[in-house]
Amino acid sequence: MTTIALTTQNRRHVTPHAGRCRHFMVKRVGDGCEGEWESRALAKEQTLFSCAEGLPDALRDVDVIITASAGPGLQARLARHGVHLVVTDILLPEQALAAWREGHLEVRPPLPAAASRADGGTCRCAGHNERIAQSDPAPSRRTDDDPKG
């Protein structure tokens with residue numbers, strides 16, 4: 001069995017910024033069977049970004065993380081822990097999981113920096129948030145400060 005986690009900060013779409021994500025949808029797949037979706041929430045201090053070494057407890061059993069964006073440092077760190085990071089532009093979790101299972105998603109280098117932020121950081125989401133906003137008639141009211149979001 002393989003445990004797959006998808007970054008789903010808004011609980012509806014595969015979202016960018018894997019290192020900062022606090023909500024994951026997780027499913028075990030393999031051997032002709034598939035488990036149910038499981039929701040896993042992380043506190044701010046448990047995000048992949050905040051856990052400089054290792055993995056947060058909620059993600060220790062994960063084999064693959066599917067996300068809309070992540071930096072090369074996170075990808076390398078996850079690989080050291082045996083976790084494959086897959087970057088996709090597919091918005092819907094079921095479609096992203098199906099594409100992975102069919103071999104249409106592969107581990108590849110993260111997207112290059114798409115834009116510089118005012119704080120000097122870079123964003124690699126390549127417009128993913130805009131695609132989510134355009135496709136979602138009822139955007140989430142949750143914020144990053146909401147422990148449930």
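This passage describes the two helices, a β-α-β unit, one buried threonine and the cysteines of a predicted model.

Helix α1 spans residues 72-80, and within this helix Leu74, Gln75, Arg77 and Leu78 are buried. When α1 is viewed down its axis, these buried residues fall within an arc of 165°, so they line one face of the helix. In an α-helix there are 3.6 residues a turn, so residues three or four places apart point the same way. The face of α1 that is turned away from the buried side carries exposed residues, namely Gly73, Ala79 and Arg80. On the buried side, the residues of α1 pack against two strands, β5 (64-67) and β6 (84-87). After α1 comes Gly82, whose phi is positive and near 80°.

The strands that α1 packs against, β5 and β6, run parallel and are joined by four bridges. In this pairing, Val64 has His84 of β6 as its bridge partner. Taken with the helix, the strands form a β-α-β unit, made by β5, α1 and β6, and this unit is right-handed.

Helix α2, which covers residues 93-101, has buried residues at Pro93, Ala96, Leu97 and Ala99. Down the axis of α2, the buried residues fall within an arc of 160°, so they too line one face of their helix. The elements that cover these buried residues include β1, β2 (23-30), β3 (33-34) and β5. Just after α2, Gly103 takes a positive phi of about 80°.

Strand β1, which is among the elements covering the buried residues of α2, comprises residues 2-7 and contains Thr3. The relative accessible area of Thr3 is 1%, and this residue is therefore buried, the cut-off being under 20%. Leaving aside residues up to four places away in sequence, Thr3 touches Val26, Lys27 and Arg28, as well as Asp61, Val62, Asp63 and Val64. With Asp61 there is also a polar contact, in which a polar atom of the Thr3 side chain lies 3.5 Å from the backbone oxygen of Asp61. Val64, another of the residues touched by Thr3, is the bridge partner of His84 in β6.

The cysteines were considered separately. Cys21 has a relative accessibility of 2% and counts as buried, and Cys51, at 15% relative accessibility, likewise counts as buried. A disulfide is a covalent bond between the sulfur atoms of two cysteines, and a search of the whole structure finds zero disulfides.

Notes. Residues are numbered from 1 along each chain as its sequence is written. This is a predicted model: local features need pLDDT of at least 70, side-chain atom pairs count only at pLDDT 80 or more; totals for chains, interfaces and linings use all residues. Side-chain values use heavy atoms; hydrogens and water are left out. Buried means under 20% relative accessible area, exposed over 50%, partly exposed in between (1.4 Å probe, protein chains only). The arc is that of the directions from the helix axis to the C-beta atoms. Contact means heavy atoms within 4.5 Å. A disulfide is a pair of cysteine sulfur atoms within 2.5 Å. A polar contact is a pair of N or O atoms within 3.5 Å; within protein, one must be able to donate a hydrogen and the other to accept it, and residues adjacent in sequence count only if both atoms are side-chain atoms. Two strands pair if DSSP finds at least two bridges between them. A crossover is right-handed if, with the strands pointing away from the viewer, the path from the first strand over the helix to the second runs clockwise.
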